[in-house]
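Open the model in your viewer and set the display to cartoon, with side chains available on demand. The stops below go from strand pairing to a pair of helices.

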Amino acid sequence: MPINKSDKIWFNGEFVPWDEAKIHVMSHALHYGSSVFEGIRAYNTVSGPAVWLLDGHLKRLFDSAKIYRMEIPYSFDEVKAAILETIRVNKHEACYIRPIVFRGYGEIGVDPRGCPVDVVIATIEWGRYLGPEAIEQGVDVCISSWRRMAPNTLPALAKSGANYANSQLIKLEALEDGYAEGIALDVAGYVSEGSGENLFIVRDDTLVTPPLGFSVLGGLTRGAVITLAKDLGIPAQEQAIPRELLYIADEVFFTGTAAEITPIRSIDKVTIGPGRRGPITERLQVEFFGLTEGEIPDRHGWLTPV
Ligand code: PPE
């Protein structure tokens, strides 16, 4: 995806012009993958720009840093204020927000303790993750030949740059083979998630997604969809999903900040249900986009006005 530059980037507490937000090539994160980050969306709601699930994303950022024993040199509230300020400074109506915390330039060697922890917040305009038609038409995907990280190797619940080495293998293979995305199985062969999305299936009018122990990221969109399903009276459960259950599901869809709710119409060239967006997927989308656009009252307090 080409980057839509914005004016300014928040860099360790200061705003710097987009083209000047640079780091040294000997930064620890570049060599050893020592970064944790977030992907957050601000929507142009009917009452102005508002950030979707901001507190949840910030909590996950601090949790990811904690797992890696990284001390973020700003408080939760300071990072929150900085995110809102960055959106204002760049005059966005809607945007994708990318805060990243990483071990910077200091010493060489795996031991990161001699390197600073740097914090950057960039905002960009970003449309539909899996293509403009994907939200209605759905996407064609495959099961990746790459597995997700095994438990107690790279922690899947931390949104760390290192995990995206695995995601890149999944994504590159899928694209090379003509698919929009790959679904990875976990080390035991159960369904885990996409390279950058959680996954849900619908079978017998029940929503099912893998539990957190199946090498998935604890997606904020995943959590919101489970809550919305309950609000709508759709049973939702976290349960192990064997691969073959995907092919015989009535509906399958991805969730993620970037992907939002994207239907899957085929997996490994096997048509899912009737091969287009299913009714439960559509109902959840209507609720999701109604809330993010501010058309449906924010009953859960999920929007933070900019
Ligand atoms: N799993 C993975 C591996 C993942 O990267 C994401 C988000 C999710 C699940 C969904 O999490 P959430 O956004 O909290 O619902 N992926 C981000 C990065 C995508 C990218 O290409 O960069 C995103 O959607 O922002």
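Two strands count as paired if DSSP finds at least two bridges between them. By that criterion, S14 is paired with strand S15 (residues 260-267): five bridges join them, and the two run antiparallel. The model is a predicted one.

**Stop 1: S14 and its partners**

Select residues 251-256, which make up strand S14. Then extend the selection into S15: a hairpin of three residues joins S14 to S15. To find the register of this pair, pick Thr255, whose bridge partner in S15 is Ile261.

Now add residues 198-203, strand S11. S11 and S14 run antiparallel and are joined by five bridges. Thr255 serves as a marker here too, since in S14 the bridge partner of Asn198 is Thr255.

Next, show the side chains of S14. Are its residues buried or exposed? The strand is mostly covered, with six of its six residues buried. In a regular strand, side chains alternate between the two faces of the sheet. In S14, Glu251, Phe253 and Thr255 lie on one side, Val252, Phe254 and Gly256 lie on the other, and both faces are covered. Buried means under 20% relative accessible area.

**Stop 2: S6 and its partners**

Move to residues 95-103, strand S6. S6 is mostly covered, and seven of its nine residues are buried. Which strands pair with S6? Select these in turn:

- S3 (residues 35-37) runs antiparallel to S6, with three bridges between them; look for Phe37, whose bridge partner in S6 is Ile100.
- S4 (residues 40-45) pairs with S6 in the antiparallel sense over three bridges; here Ala42 has Cys95 of S6 as its bridge partner.
- S7 (residues 117-124) is joined to S6 by eight bridges, and the two run antiparallel; Tyr96 has Ile124 of S7 as its bridge partner.

**Stop 3: helices H2 and H3**

Select residues 54-67 for helix H2 and residues 76-89 for helix H3. They pack at an angle of about 125°, and their axes are 11 Å apart. H2 and H3 are therefore oblique to each other. The crossing of H2 past H3 is right-handed.

To see the contact, show the side chains of Leu54, Asp55, Leu58, Lys59 and Phe62 on H2, and of Phe76, Val79, Lys80, Ile83 and Leu84 on H3. Colour this set by class: the contact has seven nonpolar residues, three charged ones and no polar ones.

Definitions and conventions
Residues numbered from 1 in each chain as written. Predicted model: local features only at pLDDT ≥ 70, side-chain atom pairs only at ≥ 80, totals over all residues. Heavy atoms only, no water. Axes fitted to C-alpha atoms, helices over the stretch in contact; angles between N-to-C directions. Helix = DSSP H or I, 4+ residues; strand = E, 2+ residues; numbered from the N terminus. Parallel < 35°, antiparallel > 145°, perpendicular 65-115°, else oblique. Left-handed = near helix turned anticlockwise from the far one by under 90°. Contact = heavy atoms within 4.5 Å. Nonpolar A, V, L, I, M, F, W, Y, C, P; charged D, E, K, R; others polar. Buried < 20%, exposed > 50% of the residue type's maximum accessible area, 1.4 Å probe, protein only.
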